[in-house]
Amino acid sequence: MLQCTAVTQAPPGDVPDAPAAVDGGPDSPPDAVTPNHLPFLLCELGEHDDAFPEHAAYLRSAGPSSAPALWFFWTGAGLQRVNRVDTVPWCPAVLRHLGTGVVQRCAFFDRHPPPHSWSVTDPLGDLIAERLLSGDGPDTS
Ligand SMILES: [Zn+2]
Ligand SMILES: [Zn+2]
């Protein structure tokens with residue numbers, strides 16, 4: 001299943017502990033901007049319909065990795081947007097790869113719309129990864 005394409009702006013006031021402003025001025029060290037503090041949030045769920053109208057973006061953990069994490073939920077866009085920040089437990093589902101024995105935890109919150117995170121593909125992310133691997137690598141010939 002493809003990833004939901006919803007994007008929304010994260011107003012600093014709605015995100016606890018987020019920096020007041022990321023102005024990108026010359027004095028700002030580049031590593032001050034982390035993915036969790038970008039002004040735009042992408043819905044991380046698989047495409048979902050009206051049965052699950054809320055989009056969701058992971059903000060940050062609220063403790064140890066297994067502890068509930070902060071998520072940003074929203075519906076609608078622009079002035080019609082309704083949003084909330086909530087602390088929710090992780091989805092308990094795990095995927096065990098037969099053969100390797102590697103266990104992958106679902107990266108979504110509990111009771112998210114189906115499917116689990118390992119069934120969601122992000123074409124844009126895959127495209128970027130492909131270009132990084134194939135196009136701009138060092139020329140070894
Ligand atoms: Zn969504
Ligand atoms: Zn899940």
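Helices here are DSSP runs of H or I with at least four residues, numbered from the N terminus. The structure is a predicted model.

**Exercise 1. Place I128 in the secondary structure, classify its exposure and describe the surface patch to which I128 belongs.**

Step 1. Helix α1 spans residues 123–134, and I128 is found in this helix.

Step 2. The relative accessibility of I128 is 46%. Buried means under 20% and exposed over 50%, with partly exposed in between. I128 therefore counts as partly exposed.

Step 3. Together with L124, L127 and L132, I128 makes a nonpolar surface patch of about 410 Å².

**Exercise 2. Determine the geometry at the zinc ion (ligand 1) and work out which parts of the chain C43 and H55 tie together.**

Step 1. List the donors. They are C4 (SG), C43 (SG), H48 (NE2) and H55 (ND1), which coordinate the zinc ion (ligand 1) at 2.0 to 2.3 Å.

Step 2. Check the angles. Four donors count as tetrahedral if all angles lie between 85 and 135 degrees. Around the zinc ion (ligand 1) the four donor atoms subtend 96 to 122°, so the arrangement is tetrahedral.

Step 3. Read the spacing along the chain: the donors of the zinc ion (ligand 1) follow C-x38-C-x4-H-x6-H.

Step 4. Locate the pair. C43 lies in the loop between β2 (40–42) and β3 (55–61), whereas H55 lies in strand β3, so the two tie together parts that are 12 residues apart in sequence.

Step 5. Classify the exposure of both. C43 has a relative accessible area of 0% and is buried. H55, at 17% relative accessibility, also counts as buried, because the limit for buried is under 20%.

**Exercise 3. Carry out the corresponding analysis for the zinc ion (ligand 2), with C91 and H112 as the pair.**

Step 1. The zinc ion (ligand 2) is coordinated at 2.0 to 2.3 Å by C91 (SG), C106 (SG), H112 (NE2) and H116 (ND1).

Step 2. The angles subtended by these four donor atoms run from 101 to 118°, which makes the arrangement tetrahedral.

Step 3. Along the chain, the spacing of the donors of the zinc ion (ligand 2) is C-x14-C-x5-H-x3-H.

Step 4. C91 lies in the loop between β5 (82–88) and β6 (94–96), and H112 in the loop between β7 (103–105) and α1; the pair therefore ties together parts that are 21 residues apart in sequence.

Step 5. Both C91 and H112 are buried.

**Exercise 4. Identify the residues of the largest nonpolar core that touch the most other members, and the strand that gives the most to this core.**

Step 1. The largest nonpolar core has 23 residues, of which W71 and F109 touch the most other members.

Step 2. At least two residues of this core come from each of β3 and β4 (69–75).

Step 3. With six residues, β4 gives the most to this core.

**Exercise 5. Trace the salt bridges and classify the exposure of R84, E54 and D86.**

Step 1. The whole structure has two salt bridges.

Step 2. One of them joins R84 and E54, whose closest N and O atoms are 2.8 Å apart. R84 is in strand β5 and E54 in the loop between β2 and β3, so this pair links distant parts of the chain, 30 residues apart.

Step 3. R84 also meets D86 in a salt bridge, at 2.7 Å from N to O.

Step 4. E54, R84 and D86 are thus linked in a network of salt bridges.

Step 5. The relative accessible area is 33% for R84, 28% for E54 and 31% for D86. Each value lies between the limits of 20% and 50%, so R84, E54 and D86 are partly exposed.

Terms used
Residues numbered from 1 in each chain as written. Chains lettered and ligands numbered in written order. Predicted model: local features only at pLDDT ≥ 70, side-chain atom pairs only at ≥ 80, totals over all residues. Heavy atoms only, no water. Patch = residues over 30% accessible without salt bridge, like charges linked within 9 Å, V, L, I, M, F, W, Y side chains within 5 Å. Areas by Shrake-Rupley, 256 points an atom, 1.4 Å probe, with all protein chains shown as cover. Salt bridge = Lys/Arg side-chain N within 4 Å of Asp/Glu carboxyl O. Buried < 20%, exposed > 50% of the residue type's maximum accessible area, 1.4 Å probe, protein only. Donors = N, O, S within 2.8 Å, 3.2 Å for Na, K, Ca; no water. Tetrahedral: all angles 85-135°; square planar, octahedral: opposite > 155°, others 65-115°. Core = buried A, V, L, I, M, F, W, Y, C linked by side-chain atoms within 4.5 Å.
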